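Let's take a walk through this one, beginning with the cysteines and working outwards to the overall fold. Keep the viewer open as you read.

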Amino acid sequence: MEENHKKAGGRLCCLCNRRRAALKRPKTLEQICRECFYEVFEEEIHQVIVENQLFKPSERIGIGASGGKDSTVLAYVLSELNRRHNYGLDLFLLSVDEGITGYRDDSLETVKRNEIQYGLPLKIVSYKDLYGWTMDEIVKMIGLKNNCTFCGVFRRQALDRGAALLKVDKLVTGHNADDIAETVLLNILRGDIARLSRCTSITTGEDGPIPRCKPFKYTYEKEIVIYPYDMLTYAYFKKLDYFSTECIYSPNAYRGFAREFIKDLERMRPRAILDIIKSGEDFRISMSTKMPEQGTCERCGYISSQKWCKACILLEGLNKGLPKLGIGRSRGLDNNHKKDVKQSNGTKNIEGKQCGSLDF
């Protein structure tokens, strides 16, 4: 990598032909200077926003902020583009505190610094307040296996609950091209073809509480984050303040294996990531494929294709001491599990929490 850096540094930028090249873009393999990299990186994201009509003037936009590299770069770039191109947006940072000691508490300190650095108001919602449980407590009960199922379901709802508190019109997340390619691959590996048309959409949840947008849909992770042997990225050049430690509870997450496979493909063929996304976009769902009908959860009112949403089912299991109740492809609750949680003895009661109640 050092040798590649020297080669790039010995050539002129292929875009401006004035300054020395500072890096080779992972997506295009162009050798460009730092200043041109800033420009093309930000302009590509601007074009994605404009071409897909992601925002309207005067909208309130929540930025999902974890303190990590993607969300930190997203907050910075979006605030810059909003000012430069006069989008007319009111921007807010929204963070979720899952209750993971030594990880989320540290990353939230980064988000609090970003609040000051970018001048964006910050709202933090927590699993403890919304659900009565922290991830530390959940992992203590269920162990490391399947804990990501709980966290993924709870986090999605928590973001929607926080977005509702902020009264935002849309929520933007830092999902990049690598993330979307991984999701396409995971849905194929799981046989969940019905989700393919949704996972590649740049805007999702338009039939739910709050639409979600992904301005980084075509942005490579390598151009966002600092890699151990390649320091020539946007976050590095801009000296952005972000938290880089991975979640301590997800070292063996299934997605991690898909991520490594995608990286191997990218090393052999840089366009592989965009091609996988294009394949997901072009999949046509058979008319015989039954798509779930969206309704609302009878317990908490959240969007759900079943009588109870996944979060309520998981909480039911936790509070009854049956943490595996909602794991897997369960199609709902049997009669015994439909009884009110208040009838169970010696367990936490979610009445009053209502699976993400806004009253906290």
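Cys36 is buried, with a relative accessible area of 7%. Keep in mind that this is a predicted model, so the geometry here is the predictor's. Who is the closest cysteine to Cys36, judged by sulfur? That would be Cys33, but its sulfur sits 3.5 Å from the sulfur of Cys36, which is too far for a bond. The cut-off at work here is 2.5 Å between sulfur atoms. Cys151 is in no disulfide either, as the nearest cysteine sulfur, in Cys247, is 6.3 Å away. Cys151 is also buried, at 16% relative accessible area. By that rule, the count of disulfides comes to 0.

Now zoom out a bit. The protein has 360 residues, and 50% of them count as buried. What it does expose adds up to about 18200 Å², with carbon and sulfur atoms supplying 50% of that area. There are 13 helices and 10 strands to find your way around. If you take contacts between residues at least 6 apart in sequence, 67% of them join residues at least 24 apart.

A good landmark is the open sheet of 6 strands, which has mixed pairing and runs in the order E5-E4-E3-E6-E8-E7. Strand E5 (122-126) and strand E7 (203-204) are the edges, each pairing on one side only. Further in, E3 and E4 pair in the parallel sense over 5 bridges, and Arg60 stands opposite Asp90 in E4. Strand E6 (residues 170-172) and strand E8 (residues 212-213) are also paired in the parallel sense, over 2 bridges. There, Leu171 has Arg212 of E8 as its bridge partner.

Why is E3 largely enclosed by the rest of the structure? Because 4 of its 5 residues are buried. When you look at side chains along a strand, remember that in a regular strand they alternate between the two faces of the sheet.

Next, find the helix that lies over this sheet. Helix H7 (residues 147-166) lies across strand E3 (60-64), strand E4 (90-97), E5, E6 and E8. Relative to E4, H7 runs at about 140 degrees.

H7 also leads us to another helix. The buried residues of helix H13 pack against H7, along with helix H5 (127-131) and helix H6 (135-142). H13 itself (residues 310-319) is mostly covered, with 9 of its 10 residues buried. Among them are Cys312, Ile313, Leu314 and Leu315, and also Glu316 and Asn319. After H13 comes Gly321, whose phi is positive, near 75 degrees.

So how far should you lean on each part? The mean pLDDT of the protein is 82, and 83% of its residues reach 70 or more. Confidence is highest in E3, at 98, and lowest in helix H1 (residues 2-9), at a mean of 45. Over residues 1-9 the pLDDT stays under 50, and the model has 11 contacts beyond four places in sequence for that stretch. Residues 226-231 are also below 50, with 10 contacts in the model beyond near neighbours in sequence.

Technical notes:
Residues are numbered from 1 along each chain as its sequence is written. This is a predicted model: local features need pLDDT of at least 70, side-chain atom pairs count only at pLDDT 80 or more; totals for chains, interfaces and linings use all residues. Side-chain values use heavy atoms; hydrogens and water are left out. Two strands pair if DSSP finds at least two bridges between them. Contact means heavy atoms within 4.5 Å. Axes are lines fitted to C-alpha atoms, for helices over the stretch in contact, and angles run from 0 to 180 degrees between N-to-C directions. pLDDT is the predictor's confidence in each residue, from 0 to 100. Buried means under 20% relative accessible area, exposed over 50%, partly exposed in between (1.4 Å probe, protein chains only). Accessible areas come from the Shrake-Rupley method with a 1.4 Å probe; for residues, only the protein chains shown count as cover.
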